[in-house]
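Biologist: I am new to this one. Pick a single part, take me through it closely, and then show me how the rest of the chain fits around it.

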Amino acid sequence: YALADQLRRASKSICANIGEGFIKQKYSSAEFARFLAIAEASAGEVMIWLQYALDLEYISAEQFTLWESDYNAIISMLNNLRKRLT
């Protein structure tokens, strides 16, 4: 249960930080970039929890590979957007 909760919280944090940063961009693009970096870190945290889930055999290797691909794409998009702001 705790692992699933951590996964949910980390994944929700990605969206929340993007949203908060988007609102703050009207004051500072650097602030938006900071929140994108936090969202990127949260996506990295999800990857750690997914690795734990795989190691504990809560998810299959196939499922891990699918989610890993999705989160690597998210991390890449966040990184590219952040670089455009700085």
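Modeller: Start with Asn-17, which lies in helix H1. Keep in mind that this is a predicted model. Is Asn-17 buried or exposed? Asn-17 counts as buried because its relative accessibility is 10%, and the cut-off for buried is under 20%. What does Asn-17 touch, once residues up to four places away in sequence are set aside? The list is Phe-35, Ile-38, Ala-39 and Ser-42. Three of these names, Phe-35, Ala-39 and Ser-42, return among the buried residues of helix H2. So H2 is the part to look at closely.

Helix H2 runs over residues 29-55. That makes 27 residues. From the first C-alpha to the last, H2 reaches 39 Å. At 1.5 Å a residue, 39 Å is also what one would expect, and the two agree closely.

Now go to where H2 begins. Ser-28 caps the N-terminal end of the helix. A side-chain oxygen of Ser-28 lies 3.2 Å from the backbone nitrogen of Ala-30. At the other end, look just after H2. There Glu-57 takes a positive phi, about 65°.

Next, the buried residues of H2. Early in the helix they include Phe-32, Ala-33, Phe-35 and Leu-36. Further along come Ala-39, Glu-40, Ser-42 and Ala-43. Val-46, Met-47, Leu-50 and Ala-53 complete the set. Which helices do these residues pack against? They pack against helix H1, residues 2-24, and against helix H3, residues 61-85.

Trp-49 is another place where H2 meets other residues. Trp-49 lies in helix H2. Leaving out neighbours within four places in sequence, its contacts are Leu-3, Gln-6, Leu-7 and Ala-10. Take Gln-6 as one case. Trp-49 and Gln-6 are 43 residues apart in sequence. In space, their C-alpha atoms are 7.3 Å apart. Trp-49 also has a polar contact with Glu-45. The two side chains come to 3.0 Å there.

Then there is Tyr-52, also in H2. Why is Tyr-52 called partly exposed? Because its relative accessibility is 43%, which falls between the 20% and 50% cut-offs. Tyr-52 helps to make a nonpolar surface patch. The other members are Ile-48, Leu-56 and Tyr-58. The patch covers about 460 Å².

Now the charged pairs. How many salt bridges are there? The count is four. One of them belongs to H2, where the side chains of Arg-34 and Glu-31 meet at 3.0 Å, N to O. Both residues lie in H2, three residues apart, or about one turn of the helix. A general point helps here. An α-helix has 3.6 residues a turn, so residues three or four places apart point the same way. Arg-34 is partly exposed, with 42% relative accessibility. Glu-31 is partly exposed too, at 23%.

Helix H1 has such pairs as well. Asp-5 forms a salt bridge with Arg-9, their closest N and O atoms being 3.7 Å apart. Both sit in H1, four residues apart, about one turn of the helix. Asp-5 counts as partly exposed because its relative accessibility is 24%. Lys-24 pairs with Glu-20, and here the closest N and O atoms are 3.4 Å apart. These two also lie in H1, four residues apart. Lys-24 is partly exposed at 28% relative accessibility. Glu-20 is partly exposed at 37%.

Last, step back to the whole chain. How many helices and strands does it have? It has three helices and zero strands. Along the sequence the pattern reads α-α-α. The C-alpha trace spans about 45 × 25 × 10 Å along its principal axes. Of its 86 residues, 27% count as buried. Consider contacts between residues at least 6 apart in sequence: 67% of these join residues at least 24 apart. The accessible surface comes to about 5,600 Å². Carbon and sulfur atoms account for 57% of that surface.

Key: Residues numbered from 1 in each chain as written. Predicted model: local features only at pLDDT ≥ 70, side-chain atom pairs only at ≥ 80, totals over all residues. Heavy atoms only, no water. Expected span 1.5 Å × (residues − 1). Buried < 20%, exposed > 50% of the residue type's maximum accessible area, 1.4 Å probe, protein only. Contact = heavy atoms within 4.5 Å. Polar contact = N/O pair within 3.5 Å; in protein donor to acceptor, adjacent residues only side chain to side chain. Patch = residues over 30% accessible without salt bridge, like charges linked within 9 Å, V, L, I, M, F, W, Y side chains within 5 Å. Areas by Shrake-Rupley, 256 points an atom, 1.4 Å probe, with all protein chains shown as cover.
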